[in-house]
Amino acid sequence: MTVMLQKYDTLKSSLLLALAAAGGAALSGTATASEAGCSLENGYAQQVAAYVSEATTCIKEATNFETQVADGLFAEINAERVANGLAPLNRRASLDMAAQSHALDMSVRIYADHVDPEGRDHLHRIRAFDRTMLVGASGSNVTVSKSAADAAAVHEKIKRDAESAENILRESFTDVGIGVVEEAGQYYVVEVFADAQGDLREALPVFATGTAALRVDLAHRNQRLMAWGLMDTASGEPLVRGSVPRMRFSGLDGADASLNVLVGLRNDTYVLKGPLVSGQN
């Protein structure tokens, strides 16, 4: 499963992310793992902040991660990329958490899919766990394999799926996270790929209130910040929008939202996908 970089017409983008005033209090703190227990029989909590808290607790408490297999898969991926003249991928801890949380869920509820039963895909997980990354393209590989298999055998099985093989060798990808869970003689394997187009200089808390400066380090020297928007995760509709250099969160009213950042590159404009936040009532 792959999500590509979204290109926007300049006029359409300027209408979508219209200028707005900013002002108010500072950001609140991030929810911690101790605030929620782990109960996966019915899946993770729905609200973004509760989801991150519960999933973090589940990862911390799990004892059946196969880290050696995950490390082996990372080595297999990069060996194949280098053999094909591509740059190796960075292993990103937040993407590991995105992959591990989904692998755990699959192992408990016994399914294998890129999307969980609640409809959350790999991009949702990336944006939930990584609090700074601005994502262009992204993708995921998912498989279930016998636990007797080694990393090389699991890697070969993943490559039998054409889109999974393309993800491994997609030139634009820069970062990867891998989760492998052993349960009842099976490996539940998730690989999460991302094209990191930039990073917020300050991590965005899961709970966001007031305002925050929008300071970004972009991957390409010629990119420039143009505007930002907070989009309702349920409907996709804009909740708050504005110009750089400040973001405001007072219009969320308890909703979950995704940060989109509009950047310009020469004559084109693109939307980069930032972290998910939960607004406070």
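Where is the place of Thr143? Thr143 sits in strand S4, which covers residues 133-146. That strand belongs to a predicted model, and the protein chain in it comes to 7 helices and 14 strands. Of the 281 residues in the chain, 51% are buried. Contacts with a separation of 6 or more are 70% accounted for by residues 24 or more positions apart. Below is a quick tour, with helix H5 and the salt bridges getting a good share of the space.

**Thr143 and its surroundings**

- Thr143 comes out at 11% relative accessibility, so it counts as buried, the cut-off being under 20%.
- Setting aside neighbours within four places in sequence, Thr143 is in contact with Val154, Lys157, Ile158, Tyr187, Tyr188 and Val189.

**Helix H5**

- H5 runs over residues 122-129, and 8 of its 8 residues are buried, so the helix is largely enclosed by the rest of the structure.
- The buried list reads His122, Leu123, His124, Arg125, Ile126, Arg127, Ala128 and Phe129.
- At the start of the helix, Asp121 points a side-chain oxygen to within 3.3 Å of the backbone nitrogen of Leu123.
- His122, a residue of H5, is buried with a relative accessible area of 0%.
- The His122 side chain also makes a polar contact with the side chain of Ser138, at 3.0 Å.
- Ile126 is in H5 too, and at 1% relative accessibility it counts as buried.
- Leaving out neighbours within four places in sequence, Ile126 has contacts with Leu95, Ala98, Met133, Val135, Ser138, Val192, Phe193 and Ala194.
- Ser138 therefore turns up twice, as the polar partner of His122 and as a contact of Ile126, on the definition of contact as heavy atoms within 4.5 Å.
- For a long-range pair, take Ile126 and Gly274: they are 148 residues apart along the chain, yet their C-alpha atoms are separated by 9.1 Å.

**How H2 packs on H5**

- Helix H2 (residues 48-61) meets H5 at an angle of about 85°, with the two axes 10 Å apart.
- That angle falls in the 65 to 115 degree band, so H2 and H5 are roughly perpendicular to each other.
- On the H2 side the contact is made by Val48, Tyr51, Val52, Ala55 and Thr56, and on the H5 side by His124, Arg125, Ala128 and Phe129.
- Sorted by class, this H2–H5 contact has 6 nonpolar, 2 polar and 1 charged residues.

**Salt bridges**

- Searching the whole structure turns up 14 salt bridges.
- As background, side chains of opposite charge can pair when their charged atoms come close.
- Arg92 and Asp199 make one of these pairs, with their side chains meeting at 2.8 Å, N to O.
- Arg92 is in the loop between strand S3 (90-91) and helix H4 (93-109), while Asp199 is in strand S6 (residues 186-200), so this pair ties together parts that are 107 residues apart in sequence.
- What is the accessibility of each partner, Arg92 and Asp199? Arg92 is buried, with a relative accessible area of 16%, whereas Asp199 is partly exposed at 23%.
- Arg109 and Asp105 form another salt bridge, again listed at 2.8 Å, N to O.
- Both Arg109 and Asp105 lie in helix H4, 4 residues apart, which is about one turn of the helix.
- In an α-helix there are 3.6 residues a turn, so residues three or four places apart point the same way.
- Asp105 is buried, with a relative accessible area of 1%.
- Asp217 pairs with Arg201, where the closest N and O atoms are 2.9 Å apart.
- That pair links distant parts of the chain, 16 residues apart: Asp217 belongs to strand S9 (residues 216-218), and Arg201 to the loop between S6 and strand S7 (207-208).
- Asp217 is partly exposed, with a relative accessible area of 41%, and Arg201 counts as exposed at 53% relative accessibility.
- There is also a network: Asp105, Arg109, Asp116, Glu118 and Arg120 are joined into one by salt bridges that share partners.

Technical notes: Residues are numbered from 1 along each chain as its sequence is written. This is a predicted model: local features need pLDDT of at least 70, side-chain atom pairs count only at pLDDT 80 or more; totals for chains, interfaces and linings use all residues. Side-chain values use heavy atoms; hydrogens and water are left out. Buried means under 20% relative accessible area, exposed over 50%, partly exposed in between (1.4 Å probe, protein chains only). Helices (H or I, at least four residues) and strands (E, at least two) are DSSP runs, numbered from the N terminus. A polar contact is a pair of N or O atoms within 3.5 Å; within protein, one must be able to donate a hydrogen and the other to accept it, and residues adjacent in sequence count only if both atoms are side-chain atoms. A salt bridge is a side-chain nitrogen of Lys or Arg within 4 Å of a carboxyl oxygen of Asp or Glu. Axes are lines fitted to C-alpha atoms, for helices over the stretch in contact, and angles run from 0 to 180 degrees between N-to-C directions. Angles under 35 degrees count as roughly parallel, over 145 as roughly antiparallel, 65 to 115 as roughly perpendicular and the rest as oblique. Ala, Val, Leu, Ile, Met, Phe, Trp, Tyr, Cys and Pro count as nonpolar, Asp, Glu, Lys and Arg as charged, and the others, Gly among them, as polar.
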